[in-house]
Each structure stands twice: as structure tokens, then as C-alpha cells.
Amino acid sequence: MKTRLFSALSFATVNYFLSKYESREKAKDLLRKFRIIARIISVDDLIIEKGLNSNFSDFEDSLQYFCALKGECNMILTRNPKYFKESELPIMTAQEYLVSIGRK
């Protein structure tokens, strides 16, 4: 299985959504499985500084974006592509990504 890059913030986001549908223990178990396939990109001082000085309307999105650049990612998956209008990286929703790899 191929390792994927995720910002550290992705784990908090995934936990937020899992906790709406699963018990706390089930959510943690799923996050542990997610961690197996993930390589985590840290949110450091430089990422925060870039986010604070960016034109992103949402600070968390700016952190995700600059983490993706730091990790040399080739795309960003998001529920809100409209928030990444100035992105140098391709932006896809999960559904668009699944279609692009022939999964849906």
C-alpha cells in the first residue's frame, strides 16, 4: 500500500467527522489504521507564519495548503475547493479523486 502525506491537522479533522458517527474508541481505532498509511507533515513555525501572511480566508486551509507544499504533494483533497482558488496545486474533492482513479 502506498504511503500518503497528510498534515497533522488532518487527524483532528478526520476525528471530528468520525466522532459524529462512531464511538470514541471506534474513532480512535480508525485513526490508528489511518496512521498506518499516513506520513505526517508537521505544522511548524514557518507553516504558521506563511498561513498568517497568506490571502486565504480560512486559516486552517492555509495551514493545510502550506503543509502540502512543504511535503511536495501533488494535490490537495478537500470538501471546499473554492477556498483554494490561489493554489499552485490541483485541488479535488474526495469524489473527484475517486473518479480520477476509477473507483467510482
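Leaving out its neighbours within four places in sequence, L18 touches A27, L30 and L31, where contact means heavy atoms within 4.5 Å. The structure is a predicted model, so to speak on paper: local features need pLDDT of at least 70, side-chain atom pairs count only at pLDDT 80 or more, and totals for chains, interfaces and linings use all residues. Residues are numbered from 1 along each chain as its sequence is written, and side-chain values use heavy atoms, with hydrogens and water left out.L18 itself sits in helix α1; helices here are DSSP runs of H or I with at least four residues, strands are runs of E with at least two, and both are numbered from the N terminus. Helix α1 spans residues 8-21, and its buried residues are S10, F11 and L18. "Buried" means under 20% relative accessible area, "exposed" means over 50%, and "partly exposed" covers what is in between, using a 1.4 Å probe and protein chains only. These three buried residues are on the same side of α1, because they cover an arc of only 95° around the axis. That arc is taken from the directions that run from the helix axis to the C-beta atoms. As a rule, an α-helix has 3.6 residues a turn, so residues three or four places apart point the same way. As for partners, the buried residues of α1 pack against β1 (4-7), α2 (24-37), β2 (38-41) and α4 (59-70).

Next comes the pocket. The largest one has a volume of about 1,500 Å³. A pocket is found on a 1 Å grid over the protein atoms alone, as an open set of points with protein on both sides within 12 Å along at least five of seven lines; a lining residue has an atom within 4 Å of a point. Grid points are joined across faces, edges and corners, and the volume is the space filled by probe spheres set on them. The lining of the largest pocket takes in 37 residues, and F6, S10, I76, L77 and T78 lie nearest its centre. At least two lining residues come from each of β1, α1, α2, α4, β3 (76-77) and α5 (94-100).

Now for the loops. S54 is in the one between α3 (45-52) and α4, and with a relative accessible area of 18% it counts as buried. A polar atom of the S54 side chain lies 3.3 Å from the backbone nitrogen of F56. Apart from neighbours within four places in sequence, S54 is in contact with S62 and F66. N55 is found in the loop between α3 and α4, but N55 is exposed, at 64% relative accessible area. The C-alpha atoms of N55 and I76 are 17 Å apart, with these positions 21 residues apart along the chain counted as their separation.

The loop between α4 and β3 holds E72, which is exposed with a relative accessible area of 70%. E72 is not a glycine, yet its phi is positive, at about 55°. In general, most residues other than glycine have a negative phi. From C-alpha to C-alpha, E72 and L18 are 27 Å apart in space, and they are 54 residues apart in sequence.

Last, the cysteines. A search of the whole structure turns up zero disulfides, a disulfide being a pair of cysteine sulfur atoms within 2.5 Å. C67 is in no disulfide, and its nearest cysteine sulfur, that of C73, is 8.7 Å away. That distance is too far for a bond. C67 counts as buried because its relative accessibility is 1%, and C73 is buried too, with a relative accessible area of 16%.

Notes:
Polar contact = N/O pair within 3.5 Å; in protein donor to acceptor, adjacent residues only side chain to side chain. 1 Å grid on protein atoms, 1.4 Å probe; cavity = no way out; pocket = protein on both sides within 12 Å on 5 of 7 lines; lining within 4 Å.
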